[in-house]
Structure formats: structure tokens, C-alpha cells
Amino acid sequence: MQKLGMGQAVNQALKEEMQRDPNVFIAGEGVGVSIHVNPMFPTHGLLEEFGPGRVKDTPVSEAAIAGLAVGAAEAGLKPVVEIMFNPFFTLASDMIVNHAAKLRYLSGGKSSFPLVVRIKSGAGFGAGCQHSHNLEAWTAHCPGLKVVMPATAADAKGLLKSAIRDDNPVIFIEHMGLYFAPMPVPEQEYLTPLGQADIKRQGRDLTVVTWSGMLGVAMGAAEKLSQEGIEMEIVDLRTLTPLDRETILTSVEKTGRLIVLHEATRTGGFGGEIAAVVMEEGFRYLKAPLRRVTGPDIPVPASPPLEKFYIPDQNDLIKAAREIM
Amino acid sequence: MNIPRKKQQEMLWTMILSRKFSDSLVELCRIEGKIPGMMILSTGQEAVGSGVCAALKQDDVIITNHRSHHHLLAKGADPKGLMAEIFCKKTGCNKGKSGTLHLTVPEVNAPCTTTVVGATLPIAVGRAFAQQYTQEQAVTVCFFGDGAADEGSFHEALNLAALWQLPVIFVCENNLYAGAQRYEEHTRVKDMAERARAYDMPGIIVDGNDAPAVYQAALEARQRALDGQGPTLMECKTYRCRGHGEQDPQHYQPRDEIRAWQEKCPIPRLSNMLIASGIINSAELQEMESMAESIVQEAVRFAEESPYPEPREALEDVYV
């Protein structure tokens, strides 16, 4: 099986979908000619293959980029636009929150907006808080959007292909920390359905629900705890909305314990939503109070020791696990 | 200017229909419990919608804003569907989901009415991009007010549309007021059309109460767009004869200013001209007025008699 970084897997998905459907086009800042000439990056080589008619480099204009997607999608095209870094979502947010998410509803179901907004995300680059800020909970809070956050290259490819074929607006958030670590990706064509979590590790003692860049932390911690005889079950959410409640609840029923792990800050984070779902629908399964392991409620700092302090790590997860075992 | 007789009659007709539509809403929205939400009317601005839409073909698209009724009627939207939606009824063109402010009529290529000031512009850019991408022989018209030109989205959209030479006509309906702010209180730029120069596109100033002039300018802008010469910023100077909404007491608008503009009303202006030039006679004008009146009355009757949606229909139409 081929081994690809997540950026390369995204690249394959874009390439396959653009070959399949002439209505798919990509647009954004540096999606064609980029300041990064790196084959590990998601849009590398697409301009050369598909030309400037379908690979649209835009001015630094996030509202226009998102508006481009909304208007073009209404006409039946399949735009895949890129917001360079998650914090810049704020500049595009009116088009996404008030328009992509709501215009179908306002039309009484007459219109649809089959667009994808790819957003590069994640801490760990020393870039500071205006380039690193995980805002997935904001988008998950908007009915009308679907929010996808893959944790593996293979899932990224299959999920992005499904997102492009979905007739709803999809926010597709890629953790840049996953761009550079090669992971196995099937070579044949496949689609990974939106709205289905995936159990990445079976275990009997404790459920960890996580997504995106934190999957690796969870898997590493699980191996260590296994040596102590504690078996964690790792649920990779993959899609935040629509949320796969069933997989979460089935796992918690089996293990009786829950930790939600995410890189985003704690207050108002999506971990609270998972916790609420389990309290409302699975309280009777719990043998111990559930826990959240998250970034602290601070902007992501630039200095390496401070940023390391911010990002939840294996020790944080192991500590929380021991507390509730 | 040699405008076909039929076009001139069409403009007069859609203006009369729009005015009757607005006038009925002036009364209806004051009846307690009749119409939910705000009421924003386009009284006095009809020549902009009618003039621009008369220059368009069916395949052309309009993206419009909170003051949309005259645009939508001029584009051919069914008055019954609009009125029922304004009443928030199940039979409304958007099943009661949009109400008066976000009326959406994709079947006449009016796929988006947005109340977020300035938001029509980036969406119109996207819609025009699709026309360019598919090499469709059609254009997109983007309606917005003078207040919207102060939003960042205005500048992003004009820049991108010019850069890519998109087939879009930006129609700034300058009605002299943005909320309670008079034009000079929100910008130092004397004419909004002047801003076109910053993006290297034609900026045209039109008398927005002169329907044939609006038509002519839109026709030329449309042709430029179809010829691959990109966007035009068209500033139509008109006047907001009523408040921002019907609840607005207009205490900041001088009475004599309102009166002076009422005298420049675009409807008698065109009808007098058409009678003088023999394109219609006064009997035909009366006929148009009574026909518009009965269409509006029928739309109101339809809206009033229609049921509200079932509460659980609120859950439908979020996702495909």
C-alpha cells in the first residue's frame, strides 16, 4: 500500500475528483503558485495538471473566496476553496455562517450549495495564535454545515471525496501536523462516508473520543497504558456534524468510562457536546465521571515550551485515565 | 435612445405592479398580527429594478438585498408566492422559511436575497464565475445600497470581479440613506460610481428615477460583460421615500426633501412620457393600474387564506 502524508492524500482526492467531474474547481490563496514548493502540500502540482481555469489563485480576500464558493455552488459547480489558516476563517465567516449554511433553508429547500471549504489547522508550528486556533466548534455550531476533521491520510482521502460529492456545504479541517508523516493509503478508489466515526483501537476499560491531530496522542497513550493492563478504546470521530452518537454510546456502554480529547481550547469546545450527549443518553453506562483533556483556555503561544504546554500530550491523557480507572 | 415600445411598456408595467404591491403592504403591515417581522419597502425606487431587469434575459441572474420586492417582481417572480411568503405562509415561495426579508426565487434566477449588508457582492461574484466557467451567455446583476459600499466585501468583490473580468453588473441603488445616515455622513466620496476607478472598471452614474436611462445603462453593461470586458459599477441615484423599514419614523429625513423626491416619482415620469410619445394612451394606463391592483388583491387574498406551515416543518430543508 502507498504511504502518503495527509496533504498528499488530500491532493490525490482533489486530483481524482477533478478528473471525474469537470464541475469541480479549486480556489484560494496560493493553491496554484504557492510560497511553499513542497510535494507534501495539498494542492501541489494541480495547476500544472488542470490549468488556471480550474485552479484559481485568488487575491488575499477571504470573504470573496467564500462568496465565490457560495455563488458558484448555487449554480451547480462544485467549488473546493481553501482558507489558508483556521484563524482566517473569521474573515470568511459571514459567507459561510450566514450564507453557505442558511441559504438552502431560506429557499425552502429549493437551492443547494455543494461546496467544500478546506481549512488548514492545528498548533505545533511556533506560528502563534493568529495562525493556530482550532475553531471547529464554531462551525459545528452552525446548522446547515457539515464539519469533517480527519486524523489519518487514508480517511482524509475518502472523506474529502465524499465531501466533494455531498450536496451540502462541508467544512473540511486538515491538521497540518499530519501533512508530513507518511501513512498507508489504499490505492484503489474509495469513499469514506461522512457522519461515521471509526474505532481506531479496540479496548475494554475506557473510551477515548478524539479527532484530527489528537488521534496520534491517544494511540500512543493507549500503548503505554496497555502495558499497565488498561485497555483504551479509541473512537476517531472523523465527522463532528453530523455526529455519530451511536458509535460513541456503544463504546461507552462497553467500557463504562469516557475521556474526550481535543486540541482546541476547553470552554465551549466540542468536547462539551460529546460529554452532554453521553450524560443525556448514556449516563447509566458510566462507572466514573467523564473527563475532558483539551488545550487550556489561552491563545496558542509562539514560544516552543509554551506551545508544548498548550498542546495536550500523552501524559495528560494517561493522567486523566488513571484518575478515573 | 431607441428603446423598443414593448420594453418601455414592460418597465411601466413592472413599476406599477411593484408600487401597488408596496402600497398594499404599507397598510397590511400595520394591522396587528397580520405580517410577522419587519417590512422594508422599495417605494420610489422601482425604476432601478424595472430598468435593470428589462435589460436582462431569463437566464441572467439577480442577487438582491433586503429591499428586494421591486427587483423580484421585475425579474418575473409570482406575486402570489411572494405575498404568501411575506405573510410567512406555507404556500409562500420559501414555505415560510424566509419571510419578507430573504425572498428567494430560483425559478426566475433570483437565487439569493440576503439581508447582510454587502453580502450580495461576493455571492454575485461566485454566480458570475459559474457563468464564465461554463461559458454561459448570461450575466449576474448584484443589487446593493449605498451603505453596502462601505463594507469590506464590496471592495473584495469588485477587485476579484475586475481581476477575472467576470460577467457581473454591480448596481448600487443609492437611495441617499443607509439606515438613519445620510449619504454624506457615511462617505466622503461624492459619487459611489467613482469607486469603480479603483478597480479599473467602468463606473456609470444613472438617474435612478429614469427607468429608460437605467435600462440603457444596464443593457450596455450587460453587453460589455457578454463581450468578455468584465464588470461595471452602475450607480443609480434615487431616493428612499419611506423609512429603512415601516417602523422607522424618518425623523432624520427632511419633509421637503421627501416631498421633492416624491414629485420626481419614476412612475408618472415614465407614463407621461409614454403617453406623450403615443406609446400608450391614458385608457391603457388605467387598464395597467387596475390590472396591477387586482393581481395584488388576488395575491393578498391567496396569502391570507393560506395556512401557516406545521410547526415541525421548521426541521425540514436544513440539509439536502
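This report walks through the overall build of chain A, its two sheets and the helices beside them, and then one helix of chain B.

**Overall build**

The model is predicted. In chain A, the secondary structure amounts to 12 helices and 14 strands. The C-alpha trace of this chain spans about 55 × 45 × 40 Å along its principal axes. For 325 residues, a compact globule would have a radius of gyration near 20 Å, and the 19 Å of chain A agrees with that. Burial can be put into numbers too: 64% of the 325 residues of chain A count as buried. The chain exposes about 11900 Å², of which 55% is supplied by carbon and sulfur atoms. Take the contacts in chain A between residues at least 6 apart in sequence: 83% of them join residues at least 24 apart.

**The seven-stranded sheet**

A good place to begin looking is the open sheet of 7 strands in chain A, which follows the order β3-β2-β4-β5-β7-β6-β12 with mixed pairing. Its edges are β3 (55–57) and β12 (239–241) of chain A; each has a single partner strand, so one side of each is left without a neighbour in the sheet. From one strand to the next, the twist averages 20°.

Inside this sheet, β2 (residues 24–28) and β4 (residues 78–83) of chain A pair in the parallel sense over 5 bridges. To find one of these pairings by eye, look for A:Gly28, whose bridge partner in β4(A) is A:Glu82.

Two helices pack on this sheet. Helix α1 (residues 6–20) of chain A touches β2, β3, β4, β5 (116–121) and β7 (170–175) of chain A. Helix α7 (residues 153–165) of chain A touches β2, β4, β5, β6 (146–148), β7 and β12 of chain A.

**The five-stranded sheet**

Chain A also holds an open sheet of 5 strands, in the order β9-β11-β10-β13-β14, again with mixed pairing. Here β9 (198–201) and β14 of chain A stand at the edges with a single partner strand each, so one side of each lacks a neighbour in the sheet. The twist in this sheet averages 25° from one strand to the next.

At one edge, β9(A) runs antiparallel to β11 (residues 232–236) of chain A, and 3 bridges join them. A:Asp198 stands opposite A:Asp236 in β11(A). Helix α12 (residues 314–324) of chain A packs on this sheet, where it touches β10 (206–210), β11, β13 and β14 of chain A.

At the other edge, β13 (residues 258–265) and β14 (residues 291–295) of chain A run parallel and are joined by 4 bridges. A:Ile259 has A:Arg291 as its bridge partner in β14(A). Together with helix α10 (residues 270–282) of chain A, these strands make a right-handed β-α-β unit.

The table gathers the directions of the packed helices.

| Helix | Reference strand | Angle between directions |
|---|---|---|
| α1(A), residues 6–20 | β2(A) | about 135° |
| α7(A), residues 153–165 | β7(A) | about 160° |
| α12(A), residues 314–324 | β13(A) | about 150° |

**A helix in chain B**

Is helix α2 (residues 46–54) of chain B buried or exposed? Buried means under 20% relative accessible area. By that cut-off, 9 of the 9 residues of α2(B) are buried, so this helix is largely enclosed by the rest of the structure. Among them are B:Glu46, B:Val48, B:Cys53 and B:Ala54.

Methods: Residues numbered from 1 in each chain as written. Chains lettered and ligands numbered in written order. Predicted model: local features only at pLDDT ≥ 70, side-chain atom pairs only at ≥ 80, totals over all residues. Heavy atoms only, no water. Pairing = 2+ DSSP bridges. Right-handed = clockwise from strand over helix to strand, strands pointing away. Axes fitted to C-alpha atoms, helices over the stretch in contact; angles between N-to-C directions. Contact = heavy atoms within 4.5 Å. Rg over C-alpha atoms; globule rule 2.2 N^0.38 Å. Buried < 20%, exposed > 50% of the residue type's maximum accessible area, 1.4 Å probe, protein only. Areas by Shrake-Rupley, 256 points an atom, 1.4 Å probe, with all protein chains shown as cover.
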